[in-house]
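This report describes how a protein surrounds its ligand. Please examine the sequence and the structure before reading on.

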Amino acid sequence: MGAQHARPVARVCLFCGANVGARASYAQSARRLGEVLAARGLALVYGGGSVGLMNEAANSALAAGGEVIGVITRELMAREVGHAGLTRMHVVETMHERKALMASLADAFVALPGGFGTFDELCEMLTWDQLGIHEKPVVLANVEGFFDGFLAQLDRAVEDRLLTPANRAMLDVAANVDGAIDAMLRWRAPPPAPKWFRDPVPQP
Ligand code: AMP
């Protein structure tokens, strides 16, 4: 498969917690995302679960008349965490297939607070951008500064010349869901830039 290049945003993939989290603003943000996508006629693509923040987003998009596409593994479906009321559900065999299908269905990615699954999906989509596998907007909704520690870690990687500033800039950050959707819709592909530093090995 060749690289998938940026195209007008019609389907948005959400990465977020399979738990609801301790702060009301997280669930409110997930619901707001579902609502805004539906109001703008944008489809929601997500992990297909009926749990956590992802369930809040899916239900609110459906309630607002939006299209919601789930991509779930047979195993997760069998564990009865699959959402039964989606517009469409793709059932795949492995977590790798699942992520690849979510990625190819979506024109943009938005992350809300979450745990390992959310960080994994977010970082993999950025890695694919970095490698030129696809070129699509990736935006964080940094609700209540949830991602501040993660962003500080990325800055440390840039400072230590393990992440180029151009690659670091692939991640857009907004303070809330409305800002994240605006950033996603305003996004333009960046000019080509070197992906690696190619520094000499530092000496002690
Ligand atoms: P986490 O951030 O660790 O809570 O994991 C959430 C992310 O991983 C979501 O974006 C999903 O794609 C995936 N995921 C984790 N648990 C589930 C589940 N029970 N059902 C569907 N997807 C899940």
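## Location of the ligand

In this predicted model, the ligand occupies the largest pocket. Residues from domain 1 (24-106) and from domain 2 (113-188) both belong to the shell around the ligand, so the ligand lies between the two domains.

## The surrounding shell

The ligand has 17 residues around it, and those that come nearest are Ala18, Arg98, Gly115, Thr118 and Glu121. By character, the shell consists of eight nonpolar, seven polar and two charged residues.

Two helices deserve attention here. Both α3 (74-81) and α5 (116-131) contribute at least two residues each to the shell. The largest share belongs to α5, which supplies four residues.

## Polar contacts and cover

Several polar contacts involve oxygen atoms of the ligand. A polar atom in the side chain of Glu121 is 2.5 Å from a ligand oxygen. For Thr118, an N or O atom of the side chain lies 2.6 Å from an oxygen atom of the ligand. Phe116 takes part through its backbone instead: one of its backbone N or O atoms is 3.3 Å from a ligand oxygen.

On its own, the ligand has 480 Å² of accessible area, and the protein covers 85% of that area.

Note on methods. Residues numbered from 1 in each chain as written. Predicted model: local features only at pLDDT ≥ 70, side-chain atom pairs only at ≥ 80, totals over all residues. Heavy atoms only, no water. Near = heavy atom within 4 Å. Polar contact = N/O pair within 3.5 Å; in protein donor to acceptor, adjacent residues only side chain to side chain. Areas by Shrake-Rupley, 256 points an atom, 1.4 Å probe, with all protein chains shown as cover. 1 Å grid on protein atoms, 1.4 Å probe; cavity = no way out; pocket = protein on both sides within 12 Å on 5 of 7 lines; lining within 4 Å. Sits in = over half its atoms within 2 Å of the grid points. Nonpolar A, V, L, I, M, F, W, Y, C, P; charged D, E, K, R; others polar. Domains from an automatic or database assignment.
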